[in-house]
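Okay, thanks for coming, everyone. I've got a short walk-through for you today, so let me put the picture up and then we'll go round it together.

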Amino acid sequence: MQDESDDALMRRAGSGDKAAFAVLVRRHLARATAVAQRIVANRSDAEEIVQETFLRCWQKAPEWLPANDRDAGDAAGRAQIGTWLYRVLVNLCLDRRRRPRPVEIEAAAEVADERANGFDVRAASETSRRVAAAMAALPDRQRAALALCYFEELGNIEAAAALAISVGALESLLVRGRRALKESLADLAPAGHIG
Amino acid sequence: MMLLERFRELMDAYGGDPRRWPPAERASAAELLAQSPEARALLAEAATLDRFLDRAPPMTPATLDAERLITRTTAAAQERPAVPLAGVMRPAGRGLWLRAASLAAATIIGFVVGWTQLADTSEATAASGSSLDFAGDLSW
């Protein structure tokens with residue numbers, strides 16, 4: 001079962017196979033958590049979102065029908081459920097970010113516990129903190145695109161599907177995000193110029 | 001071979017590490033790199049920003065326990081897809097027979113229940129000495 005494709009595991013889970021679902025969770029949990037943390041910049045929110053994502057995955061498993069041929073190889077099967085999983089995750093993250101949060105509470109929480117942001121800033125240098133701050137300042141969808149493509153190295157097709165956009169639109173988000181980061185961090189480069 | 005303009009777009013979007021470039025374009029991008037000093041300059045520029053991004057603080061270790069997550073999640077009910085009725089057509093004759101049989105069964109049951117109640121009532125009436133309008137009690 002450990003070597004089965006995501007698609008095969010999802011079909012088993014749809015029949016109530018908890019062991020198959022457990023393999024799916026263990027396979028995707030770490031990366032899903034990292035993606036959520038980078039988008040919402042809040043560890044407890046990220047963990048709630050990840051739990052909700054897997055709950056929906058379990059509940060919807062009986063309805064799971066892969067878009068491609070059922071006899072498709074492992075790579076195709078994995079891309080399908082992974083794409084669906086990350087689409088749910090990203091949507092939940094972006095919805096969470098849209099919730100109005102009292103500014104004074106948010107600021108106090110950030111001062112009280114930087115680790116709650118998801119970054120281990122105790123281990124971070126000044127440069128690292130600046131990079132984290134620059135990422136946090138990005139518009140949510142640009143940060144999500146960079147989280148998926150740059151930090152978690154999802155393929156462009158899978159990342160675009162997770163954001164429910166075209167590859168061209170994904171590249172536009174990435175370009176704008178990288179440009180904003182470049183401007184934000186320009187003073188850190190030795191000659192005042194960053195690539 | 002890739003055009004320099006497309007190579008610039010790749011650098012601007014994905015950075016300087018070929019592992020992040022779209023798989024279908026890696027070979028042609030590498031070919032251009034080997035031949036174009038301008039492409040190499042673009043890659044070096046993108047790689048500078050990558051070095052800063054790579055210094056982003058690591059994520060705090062997740063506190064989610066996979067096994068507890070699995071246990072809690074799989075305790076929830078799954079959503080069974082609704083049986084589609086559209087397009088599932090039973091032959092009309094068979095359907096009519098089933099409906100007629102159901103009606104007949106209901107009639108027989110009603111008769112038996114009514115008759116049983118009538119018998120009970122008659123016995124009670126006889127025992128108590130009172131009379132009943134049987135026609136009024138026969139509700140079937």
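Let's start right at the contact between the chains, with a pair you can find on screen: A:Lys60 and B:Glu79, whose side chains form a salt bridge with N and O 2.9 Å apart. One thing to keep in mind as we go is that this is a predicted model.

So how many salt bridges cross the interface of chain B and chain A? The rule finds six. If you count residue pairs in polar contact between chain B and chain A, with both residues at pLDDT 80 or more, you get 19. On the chain B side, α1, α3 and α4 (66-74) each supply at least two of the residues that touch chain A. Sorted by class, that side of chain B has 22 nonpolar, seven polar and twelve charged residues.

Now, the contact as a whole. It takes 55 residues from chain A and 41 residues from chain B. Between them, the two chains bury about 4,300 Å², and 62% of that is on carbon and sulfur atoms. Which residues of chain B lose the most area to chain A? Those are B:Phe52, B:Met59 and B:Thr60, and together they account for 16% of what that side buries.

Let's step back and look at chain A. We have nine helices there and zero strands, so if you were hunting for a sheet, you can stop, because a strand here would be a DSSP run of E with at least two residues. Of the 195 residues in chain A, 49% are buried. And if you take contacts in chain A between residues at least 6 apart in sequence, 66% of them join residues at least 24 apart.

Next up, the inside. In soluble globular proteins, nonpolar side chains tend to be buried together. Here, the largest nonpolar core has 77 residues, and the ones with the most contacts inside it are A:Phe54, A:Leu89 and B:Phe7. The largest share of this core, twelve residues, comes from helix α2 of chain A, residues 18-40.

Let's zoom in on A:Phe54. What does A:Phe54 touch, leaving aside its neighbours within four places in sequence? Within chain A the partners include A:Phe21, A:Leu24, A:Val25, A:His28, A:Leu29 and A:Ala32, and also A:Leu85. From chain B, A:Phe54 is in contact with B:Leu69 and B:Thr73.

Chain B has a helix α2 too, residues 23-35, where B:Glu25, B:Ala29, B:Leu32 and B:Leu33 are buried. The buried residues of that helix pack against α1 (4-14) and α3 (37-53) of chain B.

Now a spot in a loop: A:Gly16 lies between α1 (6-14) and α2 of chain A. Buried or exposed? Neither, quite: A:Gly16 counts as partly exposed because its relative accessibility is 30%. Not counting residues up to four places away in sequence, A:Gly16 touches A:Trp58, B:Gln78 and B:Arg80. And look at A:Ala61: it is 45 residues from A:Gly16 in sequence, but 8.4 Å away in space, C-alpha to C-alpha.

Back to salt bridges, this time over the whole structure, where a search finds 23 over all chains. One of my favourites to point at is A:Arg27 with A:Asp6, where the closest N and O atoms are 2.5 Å apart. This pair links distant parts of the chain, with A:Arg27 in helix α2, A:Asp6 in helix α1, and their positions 21 residues apart. The two ends sit differently, too: A:Asp6 counts as buried because its relative accessibility is 0%, whereas A:Arg27 is partly exposed at 29%.

Then there's A:Arg12 with A:Asp17, a salt bridge at 3.0 Å, N to O. A:Arg12 is partly exposed at 31%, and A:Asp17 is partly exposed at 21%.

Last stop, chain B. B:Arg19 forms a salt bridge with B:Asp17, with the closest N and O atoms 2.6 Å apart. B:Arg19 is exposed at 55% relative accessibility, while B:Asp17 counts as buried at 18%. Through shared partners, salt bridges join A:Glu153, B:Asp17, B:Arg19 and B:Arg20 into one network.

That's the tour, so shout if you'd like to go back to any of those spots.

Key: Residues are numbered from 1 along each chain as its sequence is written. Chains are lettered from A and ligands numbered from 1 in the order in which they are written. This is a predicted model: local features need pLDDT of at least 70, side-chain atom pairs count only at pLDDT 80 or more; totals for chains, interfaces and linings use all residues. Side-chain values use heavy atoms; hydrogens and water are left out. A nonpolar core is a set of buried Ala, Val, Leu, Ile, Met, Phe, Trp, Tyr and Cys residues joined through side-chain atoms within 4.5 Å. Buried means under 20% relative accessible area, exposed over 50%, partly exposed in between (1.4 Å probe, protein chains only). Helices (H or I, at least four residues) and strands (E, at least two) are DSSP runs, numbered from the N terminus. Contact means heavy atoms within 4.5 Å. Buried area is the accessible area (1.4 Å probe) that two parts lose on being put together, summed over both. A salt bridge is a side-chain nitrogen of Lys or Arg within 4 Å of a carboxyl oxygen of Asp or Glu. A polar contact is a pair of N or O atoms within 3.5 Å; within protein, one must be able to donate a hydrogen and the other to accept it, and residues adjacent in sequence count only if both atoms are side-chain atoms. Ala, Val, Leu, Ile, Met, Phe, Trp, Tyr, Cys and Pro count as nonpolar, Asp, Glu, Lys and Arg as charged, and the others, Gly among them, as polar.
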